Amino acid sequence: MNSTYTRSLSKQAVIFCIKILTDAKPWYMKATKALRFIKSPKLFDCVFSEWSTKLKSKQVVEYDTIHKTPVDLLSLVVNSIPGPRGTSSINKPNYEWSNTEILPPAFHLILFPSKIPEIELSSDGYESEIRPPDPFVKRMWAGGDFEWYNAPLRIGDKVKQIITILNIEKKPSIRGDNVFVGQKRELFTDLGLSLVEKRNYVFIEKDKVVLKKNTLFSGVAADFIREIVPTNTTLFRYSALTFNSHKIHLDPEYTKQNEGYPDLLVHGPLTCTLLLDLLKRNKPTQHAVFKSFSYRAVSPLFVNKQMTLHGRLKGEDTTGGTKKWNYDLWATNHENCTAMFGKCQLVLMIVGDFVEDYEVMVPFQALEMLGIQVDAVCPGKVKGDTIATAVHDFVGFQTYAESRGHNFVLTATFDEIKAADYQGLFIPGGRAPEYLRLNPKVIELAQAFFTTPRPVAAVCHGMQILTAANVLKGRSVTAYPACGPECSVAGANFKDVGAAEVVVDKNLVSSPAWPGHPKALAAFIKLLGVEITFTK
């Protein structure tokens, strides 16, 4: 079948011709051989759609037993990674567990090894059951979630696992398209449901390299840390225990020449396990149990380079009579860039009664949509209280008219927050800033984000808080035009721009009004060091 003839066939005929190529391997892996010379976007979409439909329809049920020796060996790996000076990186290593010991968090990842014959592995060594059609052949571990239930895994337990596909998405990014595959893994023992894991993979095009720097937790103080240097031995041992033959962890020449990385990559699940082990050693009481953990891998970690594990107590909660502790966990690489972080509250939003409705609702929801939880606070109010919003609009008068908006629920208590706990500050406009700036703690909070520079966004009248905080001298800013004179008096270079425009000066993003949200939020997210992709 030559390429000229193939291009002239109908979509249905092409799919039929591709299917007849199949024998031992999955049909779509054979189909992609034809795609290499067909180069038709419509054909790829058809192949991708059929692959996606078949994968979503599958459910895998498998069984395993938790044996003592592999658990002891993983404990050895986790405990014995050397520190930066070649010595032990922890004070009291624990290499062995009793037969009744509850499995440490994330140790379940050594269960259910993939039983794929070597000849059916992908070209870079990983199992191909969920691999998309070409050219999306490079697999990365993107993150996931753990939720623990009341039937903990113990050594000796027989475990049942049910795997289903949660989602499959092809998303564009600045480096080209990526395919994201989400799995759900439910683990049961004789006592019932033990653990639900949601695992996210990203598959990128064969010629693309992902080397991005993320500064999400730069400058954030940790309550406890562990410094380690994963070695070739570390990576080999973890690969062996998890039956992971992915070449980016084992074959340095392949990794450099074919993948474009400077050296072997540390396993994403190993980093996750190390973060949870760090918290296990530093939890507030031995009776505290793990309930949930959500994490994302945002940049690679490399063999024989220092990585630092960080943890801090974010807050305590006694809702429902049960005490809960919330922690931030993150790992940084040898360049102090964030490589993995747990889901945590990152952005502070200062609001008050009659804040402009759009200017609080839209940024709050947009940031949370991106996985960034926002602490919205108001002086004199606590978490769960509401504020009244106002809708400002021009309806034929010389200035805007004001109408009552929605009630907005606060997500944190003003008196309990500390500026050092946040990576960014968002200040909406409306009438609220004119009186919020009279509160000394509001001014101190705003100043803190300029003393230790972190991203700040101010929309419309939100700039009034920053003029009162005396942080605008020499800065280029914009705001609602009526705020222009006080910006100039505060020493700023005021820019009179359109309502949908923004001005960015170092760590400060400003916009005259809510029509500027798209550009303002894009600039704010970029300053936070978070890279995002958008679905079509």
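Proline 135 lies in the loop between α5 and β2. The peptide bond that leads into proline 135 from aspartate 134 is cis, with omega near 10°. This structure is a predicted model. The protein chain has 14 helices and 21 strands. Of its 536 residues, 51% count as buried.

**Contacts along the chain**

- Among contacts in the protein chain with a separation of 6 or more, 71% are accounted for by residues 24 or more positions apart.
- One pair of residues distant in sequence is arginine 154 and isoleucine 66, which are 88 residues apart along the chain, with C-alpha atoms separated by 7.1 Å.
- Another such pair is asparagine 304 and threonine 233, which are 71 residues apart along the chain and have their C-alpha atoms 9.9 Å from each other.

**Helices α5 and α6**

- Helix α5 covers residues 68–80 and helix α6 covers residues 232–242.
- Their axes come within 10 Å and cross at roughly 155°.
- Because an angle over 145 degrees counts as roughly antiparallel, α5 and α6 are roughly antiparallel to each other.
- The crossing of α5 past α6 is left-handed.
- On the α5 side, Pro70, Leu73, Leu74, Leu76, Val77 and Ser80 take part in the contact, and on the α6 side they meet Thr234, Arg237, Tyr238 and Leu241.
- By type, the residues of this contact between α5 and α6 are seven nonpolar, two polar and one charged.

**Helices α9 and α14**

- Helix α9 is made up of residues 357–369, and helix α14 of residues 517–528.
- The axes of α9 and α14 come within 11 Å and cross at roughly 45°.
- An angle of this kind falls outside the ranges for roughly parallel, antiparallel and perpendicular, and α9 and α14 are therefore oblique to each other.
- The crossing of α9 and α14 is right-handed.
- From α9, the residues that make the contact are Tyr358, Glu359, Val362, Pro363, Ala366 and Leu367, and from α14 they are His517, Leu521, Phe524 and Ile525.
- The residues of the contact of α9 with α14 comprise eight nonpolar, one polar and one charged.

**The loop between β7 and β8**

- Strand β7 spans residues 292–297 and strand β8 spans residues 307–317, and serine 299 lies in the loop between them.
- Serine 299 has a relative accessible area of 10%, so it is buried, the cut-off for buried being under 20%.
- The side chain of serine 299 reaches the backbone oxygen of threonine 338 at 2.7 Å.
- Asparagine 304 is also placed in the loop between β7 and β8.
- Asparagine 304 has 42% relative accessibility and therefore counts as partly exposed.
- Apart from neighbours within four places in sequence, asparagine 304 is in contact with Val229, Pro230, Thr231 and Asn232.
- The side chains of asparagine 304 and asparagine 232 are joined by a polar contact of 2.9 Å.
- The phi angle of asparagine 304 is near 60°, a positive value in a residue other than glycine.

**Other loop residues**

- Arginine 154 is located in the loop between β2, residues 136–148, and β3, residues 158–171.
- The relative accessibility of arginine 154 is 34%, so arginine 154 counts as partly exposed.
- Asparagine 470 is found in the loop between α12, residues 463–468, and β18, residues 476–477.
- Asparagine 470 has a positive phi of about 55°, although it is not a glycine.
- Asparagine 470 counts as exposed because its relative accessibility is 58%, with over 50% as the cut-off for exposed.

Note on methods:
Residues numbered from 1 in each chain as written. Predicted model: local features only at pLDDT ≥ 70, side-chain atom pairs only at ≥ 80, totals over all residues. Heavy atoms only, no water. Helix = DSSP H or I, 4+ residues; strand = E, 2+ residues; numbered from the N terminus. Buried < 20%, exposed > 50% of the residue type's maximum accessible area, 1.4 Å probe, protein only. Polar contact = N/O pair within 3.5 Å; in protein donor to acceptor, adjacent residues only side chain to side chain. Axes fitted to C-alpha atoms, helices over the stretch in contact; angles between N-to-C directions. Parallel < 35°, antiparallel > 145°, perpendicular 65-115°, else oblique. Left-handed = near helix turned anticlockwise from the far one by under 90°. Contact = heavy atoms within 4.5 Å. Nonpolar A, V, L, I, M, F, W, Y, C, P; charged D, E, K, R; others polar.
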